[in-house]
Amino acid sequence: MKKIWFALVGVMLAFSAAASSFSDGKQYITLDKTVSGAPEVVEFFSFFCPHCYDFERTYHINQAVMDSLPKGVKFTRYSVNFLGGDFAPQVTHAWAVAMALGVENKVVDPIFDGLQKSQTITDAASLKATFIKAAGISSEEYDSAWNSFAVKALVSEQEKAANDFNITGVPSIFVHGKYQVNNAGLDTSSLNNFVADYVNVVKYLVAK
């Protein structure tokens with residue numbers, strides 16, 4: 001894994017020189033209306049989305065983007081509810097718990113795997129059990145966070161943001177509330193090139 005990661009880093013550096021060739025309508029899209037108050041860099045995703053699973057577990061794009069951002073620039077991730085049926089709002093609520101407790105990196109992979117790979121997460125109880133095991137917290141801590149005002153506010157924040165950005169597909173990454181990375185316009189000639197292109201487009205947009 002370390003060799004693969006160092007190879008990706010090398011590719012990212014090589015691709016940095018190509019940033020000047022990024023253009024509106026190809027690698028990114030400028031929104032018709034800027035979303036005010038949006039996080040500087042925000043990703044919308046669903047734990048039920050196969051492409052989101054690949055971004056997280058196969059391509060590690062999210063981690064590559066986070067590691068490449070300038071100091072002080074936060075990468076915010078919001079869960080959406082339009083995939084997963086009636087269970088989706090509970091998963092989004094659990095993600096709000098993770099955000100409030102600062103354990104996103106501990107629970108994101110286990111939740112993805114439990115829903116899409118092992119199918120061990122099937123209801124609220126199994127979701128809670130997976131979360132508790134991954135995060136290393138007690139059942140009481142989970143329940144307290146779940147019912148807290150802060151978490152309820154984060155649930156509303158995610159839902160409002162998805163509505164403000166008019167999210168209809170995931171994964172989607174936006175920068176400055178104004179630019180959307182166009183996944184279809186990136187270099188798909190190889191996995192390394194796609195990851196590098198993704199990272200460099202986000203960095204380019206952050207600097208705009």
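Helix α6, residues 124–135, is a good place to start: its 12 residues reach 16 Å from the first C-alpha to the last, close to the 16 Å expected at 1.5 Å a residue. That expected span is 1.5 Å times one less than the number of residues in the helix. Helices here are DSSP runs of H or I with at least four residues, strands are runs of E with at least two, and both are numbered from the N terminus. This is a predicted model, in which local features need pLDDT of at least 70 and side-chain atom pairs count only at pLDDT 80 or more, while totals for chains, interfaces and linings use all residues. Residues are numbered from 1 along each chain as its sequence is written, and side-chain values use heavy atoms, with hydrogens and water left out.

Staying with α6, its buried residues are Ser126, Leu127, Thr130, Phe131, Ile132 and Ala135. Buried means under 20% relative accessible area, exposed means over 50%, and partly exposed lies in between, using a 1.4 Å probe and protein chains only. These buried residues of α6 pack against α4 (88–101), α5 (104–116) and α7 (139–146), where contact means heavy atoms within 4.5 Å. Just after the helix, Gly136 takes a positive phi of about 70 degrees.

From Ala135 we can step across to α5, the helix that holds Glu104. The C-alpha atoms of Glu104 and Ala135 are separated by 8.5 Å, though the two are 31 residues apart along the chain. Glu104 is partly exposed, with a relative accessible area of 25%. Not counting residues up to four places away in sequence, Glu104 touches Trp95, Ala98 and Met99.

Following the loop between α5 and α6 brings you to Gln119. This residue has a positive phi of about 55 degrees although it is not a glycine, and it is partly exposed at a relative accessible area of 46%.

Now turn to helix α8, residues 149–164, where Ala150 is found. Ala150 is partly exposed, with a relative accessible area of 44%. Its C-alpha is 7.0 Å from that of Ala100, with their places 50 residues apart in sequence.

The loop between α8 and β4 deserves a look too, as it contains Asn166 and Pro171. Asn166 has a phi near 55 degrees, a positive value in a residue other than glycine, and counts as exposed at 58% relative accessibility. Further along, the peptide bond from Val170 to Pro171 is cis, with omega near 0 degrees.

For a contrasting environment, visit Asn62 in helix α3, residues 61–68. Asn62 is buried, with a relative accessible area of 0%. Leaving aside neighbours within four places in sequence, Asn62 is in contact with Glu43, Phe55, Glu56, Phe75 and Arg77.

Stepping back, the protein chain has nine helices and five strands, in the order α-β-β-α-α-β-α-α-α-α-α-β-β-α. Its radius of gyration is 17 Å, which agrees with the value near 17 Å for a compact globule of 208 residues; the radius is taken over C-alpha atoms, and the globule rule is 2.2 Å times the number of residues to the power 0.38. The C-alpha atoms fill a box of roughly 50 × 40 × 30 Å along the principal axes. Buried residues make up 46% of the 208 in the chain. Among contacts between residues at least 6 apart in sequence, 76% join residues at least 24 apart.
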